[in-house]
Amino acid sequence: MRSNGTRMMRNFFTIFLLLACGVAVCPRLSAQGTTTGPMTTPPPRDVMRIPTNATPEASAIPPDEIIKRFAEKEDVFARASRAFGYRKTIVVQEVGDDGKATGEVEVITAPFFGSDGKRYERVIESPSAATADASPTNPDAAPGAPVTARDLHFLHFAPEDVVALALMPQFPFTTDQLAKYTIIYEGRQKVDELNTYVFSMEPKQVDRAHAYFSGVIWVDDQELAIVKTYGKWVSELGDVKSPQLPFTTFETYRQPVGADWFPAYSRSDDQVTTKDAIIPIRLVIRWTDYQPVPPPPASSDSVAPSAGNAVPAH
């Protein structure tokens, strides 16, 4: 019999998912083909609900086996991702009463390997950045100029604020991380063209030094790979967020790139409060132009890029 705590968690994630699918506009998922270019956002979809029955719809495979298999896929994807470059477009918007942006700023980043063999991301385009010398293949390029946010009326931030916010771990559910989570099978759902298994995930304990995922994941029932997540990152200090930007909860979709599933689209909605009004704000992140890249250089005694030039990529 399920405990009261388990039932409370199930009810919590029902509300959690209502918020996720009721307000977000997301790209369509398909297991056919490889998506590498800009993604088109379709009209809003109907609200989906996680089943709240005491007994969720049976899975064709035991839930423990699904968990084992998707974690093994995460191991594979995490390794494979190091062989790919991409273009990450990060857009922060202030939103009007009609749901349309009244101001926005866009920052574009790309990953590269430093001379220390580690992977970093740098700003290659921002509102006032000169990008001629900034490329993912030039680790010594000058950093992007500060974001002027000239089209924003209430938000003020520098490139590193939004870039760091967009650096949530891309593949957080690897085999070495599973023991840190309570994972509950919640049932089955259709996500666009995919049939999926739904799991809620909560950290068993938190500490100050690490961030842990708290939310829901969707696993394709054919490939047993995670194709969507909705949740936030938490630590002993509370929700993990940027000091300058309030975004905490993200809905993230993945796309097939060859045999792997890599991030495609992520969105977070929040608000800022002024003395006169409450202003809705939105963060949208798109990963496009996945392309194979040369392997990293052999590790040496060279120093890593300075903090002003780049931030570590996860």
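**Exercise 1. What percentage of the 314 residues in the chain do buried residues make up?**

Let's start with the whole chain, keeping in mind that this is a predicted model.

Step 1. Buried residues account for 50% of the 314 residues.

Step 2. Turn to the surface: the chain exposes about 15,200 Å², and 53% of that comes from carbon and sulfur atoms.

Step 3. Add the secondary structure, which consists of three helices and 12 strands.

Step 4. Look at the contacts between residues at least 6 apart in sequence: 60% of them join residues at least 24 apart.

**Exercise 2. Work out where strand β9 sits and which strands it pairs with.**

Step 1. Check burial along β9, residues 249-257. Nine of the nine residues are buried, so the strand is largely enclosed by the rest of the structure.

Step 2. Sort the side chains by direction. T249, E251, Y253, Q255 and V257 point one way, while F250, T252, R254 and P256 point the other way; all are buried.

Step 3. Find the partner strands. Strand β7 (residues 226-235) runs antiparallel to β9 and is joined to it by five bridges; here K232 has T249 as its bridge partner. Strand β10 (residues 260-273) also pairs with β9 in the antiparallel sense, over seven bridges, and T252 stands opposite S266 of β10.

Step 4. Inspect the turn. The hairpin of β9 and β10 has two residues between the strands, and G258 takes a positive phi near 65° there.

**Exercise 3. Describe the surroundings of T109: is this residue buried or exposed?**

Step 1. Locate the residue: T109 belongs to strand β2, which spans residues 101-113.

Step 2. Compare its relative accessible area with the cut-off. The value is 0%, and buried means under 20%, so T109 is buried.

Step 3. List its contacts, setting aside neighbours within four places in sequence. They include Y86, R87, K88 and I90, as well as E121, R122, V123, I124 and V163.

Step 4. Pick out the polar one: the side chains of T109 and E121 make a polar contact of 3.0 Å.

**Exercise 4. Decide which stretches call for caution before you use the coordinates.**

Step 1. Take the overall confidence: the mean pLDDT of the chain is 77, with 69% of its residues reaching 70 or more.

Step 2. Find weak stretches. Over residues 32-48 pLDDT stays under 50, and the model has 42 contacts beyond four places in sequence for them. Residues 301-309 also stay under 50, with 14 such contacts.

Step 3. Draw the conclusion: where pLDDT is low, the predicted coordinates should not be read in detail.

Key
Residues numbered from 1 in each chain as written. Predicted model: local features only at pLDDT ≥ 70, side-chain atom pairs only at ≥ 80, totals over all residues. Heavy atoms only, no water. Buried < 20%, exposed > 50% of the residue type's maximum accessible area, 1.4 Å probe, protein only. Helix = DSSP H or I, 4+ residues; strand = E, 2+ residues; numbered from the N terminus. Pairing = 2+ DSSP bridges. pLDDT = per-residue confidence, 0-100. Contact = heavy atoms within 4.5 Å. Areas by Shrake-Rupley, 256 points an atom, 1.4 Å probe, with all protein chains shown as cover. Polar contact = N/O pair within 3.5 Å; in protein donor to acceptor, adjacent residues only side chain to side chain.
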